[in-house]
Amino acid sequence: MTMQKLLSKARQAIQDFDMIQDNDKIAVGLSGGKDSLTLLHILKNYQRFSPQKFELIAITLNPGGVDNSPLYKLCEDLDVEFHEVQTNIKEIVFDIRKEKNPCSLCANLRRGALNGTAKELGCTKVALGHHKDDAIETFLMSMLYEGRVNCFSPKTVMDKQELTIIRPMIYIEEYMTKKATREYNYPVIKNPCPADGHTNRQNIKELVQRLNKDMPGSKKNIFGALNNPEKLFIWDKEKIK
């Protein structure tokens, strides 16, 4: 039943944002975390009844020293082509650059490696496991830490790389990926990042939880704001004059 609910929400997002076309070759960015594992299973199930015919592969970036053998076994069982890319991202971020706030640099390095590998493998799309809670947290992080209104898009066309980034789980809440992981016993790989659980995102995640507890429905309203751009009233000095 859990997979049916996940598929229903993913299918709606795919249709709303026109994420998949015929003959697409889609690379799932498989980190080994609960979200990317859930996404892989969603797309593999969706592939069976999708009106568009597409190919599915998985790409895992190894930041250094991580045993991803469970992911090899999983992809073999799912009949999904699997590629593991060895990187020195962990060394660059923590040993060479000694970043105090490592998330931005790490994300940029991972994004470049993932997109580059996908392009080399002939992919047209890269699917990422960002969900509804990620969008809400990113939206608030942008305002509170950067002073701007911004969030990633459910679908981003990268003209220079001839690649499109899609996020089919954008309507799925995090509790559903946790539930699916427990129910289907996904082989979660522990996050090797030394900063895991001690980031600005974790602060925002806890803030959203408190807000939703104190003001029930606030999380829903924040996400609703992302879907109503025409009602996003921002000061424009030129228009106000």
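**Burial and surface patches in a predicted model**

Modeller: Helix H6 is mostly covered, with 11 of its 15 residues buried. The model is a predicted one.

Colleague: Which residues of H6 are buried?

Modeller: Lys-132, Asp-133, Asp-134, Ala-135, Ile-136, Glu-137, Thr-138, Phe-139, Leu-140, Met-141 and Ser-142 are the buried residues of H6.

Colleague: What does it take to be called buried?

Modeller: A relative accessible area under 20%.

Colleague: Tyr-145 has its place in helix H6. Why does Tyr-145 count as partly exposed?

Modeller: Its relative accessibility is 41%. Partly exposed is the class between under 20% and over 50%, so Tyr-145 belongs there.

Colleague: Which residues form the nonpolar patch on the surface, and what is their accessible area together?

Modeller: Met-143, Leu-144, Tyr-145 and Val-149 form the patch, and together they have about 360 Å² of accessible area. A patch residue needs over 30% relative accessible area, and Tyr-145 meets that cut-off because its value is 41%.

Colleague: How does the reach of H6, residues 132-146, compare with what is expected?

Modeller: From first C-alpha to last, H6 reaches 21 Å, close to the 21 Å expected for its 15 residues at 1.5 Å a residue.

Colleague: And what reach does H2, residues 34-49, have from its first C-alpha to its last?

Modeller: H2 has 16 residues and reaches 24 Å, close to the expected 22 Å.

Colleague: What makes H2 mostly covered?

Modeller: In H2, 12 of the 16 residues are buried. Among them are Lys-34, Asp-35, Leu-39, His-41, Lys-44 and Tyr-46.

Colleague: Which residues form the positive surface patch?

Modeller: Lys-5, Lys-178, Lys-179 and Arg-182 form it. Lys and Arg are counted as positive, so the sign of the patch follows. Helix H7, residues 174-184, supplies the largest share, 3 residues.

Colleague: Lys-179 lies in helix H7. Why is Lys-179 called partly exposed?

Modeller: The relative accessible area of Lys-179 is 37%, which lies between the 20% and 50% limits, so partly exposed is the class that applies. The 37% is also over the 30% needed for a patch, so Lys-179 meets that condition as well.

Colleague: Where does Leu-121 lie?

Modeller: Leu-121 is in the loop between helix H5 (103-120) and strand S4 (125-127).

Colleague: Why does Leu-121 count as partly exposed?

Modeller: At 24% relative accessibility, Leu-121 is not under the 20% cut-off for buried and not over the 50% cut-off for exposed, so partly exposed is what remains.

Colleague: What distance separates the C-alpha atoms of Leu-121 and Ile-59?

Modeller: They are separated by 10.0 Å, and the two residues are 62 residues apart along the chain.

Definitions and conventions
Residues are numbered from 1 along each chain as its sequence is written. This is a predicted model: local features need pLDDT of at least 70, side-chain atom pairs count only at pLDDT 80 or more; totals for chains, interfaces and linings use all residues. Side-chain values use heavy atoms; hydrogens and water are left out. Patches are made of residues with over 30% relative accessible area and no salt bridge: like charges are joined within 9 Å, nonpolar side chains (Val, Leu, Ile, Met, Phe, Trp, Tyr) within 5 Å. Accessible areas come from the Shrake-Rupley method with a 1.4 Å probe; for residues, only the protein chains shown count as cover. A salt bridge is a side-chain nitrogen of Lys or Arg within 4 Å of a carboxyl oxygen of Asp or Glu. The place of a charge is taken as NZ of Lys, CZ of Arg, CG of Asp or CD of Glu. Helices (H or I, at least four residues) and strands (E, at least two) are DSSP runs, numbered from the N terminus. Buried means under 20% relative accessible area, exposed over 50%, partly exposed in between (1.4 Å probe, protein chains only). The expected span of a helix is 1.5 Å times one less than its number of residues.
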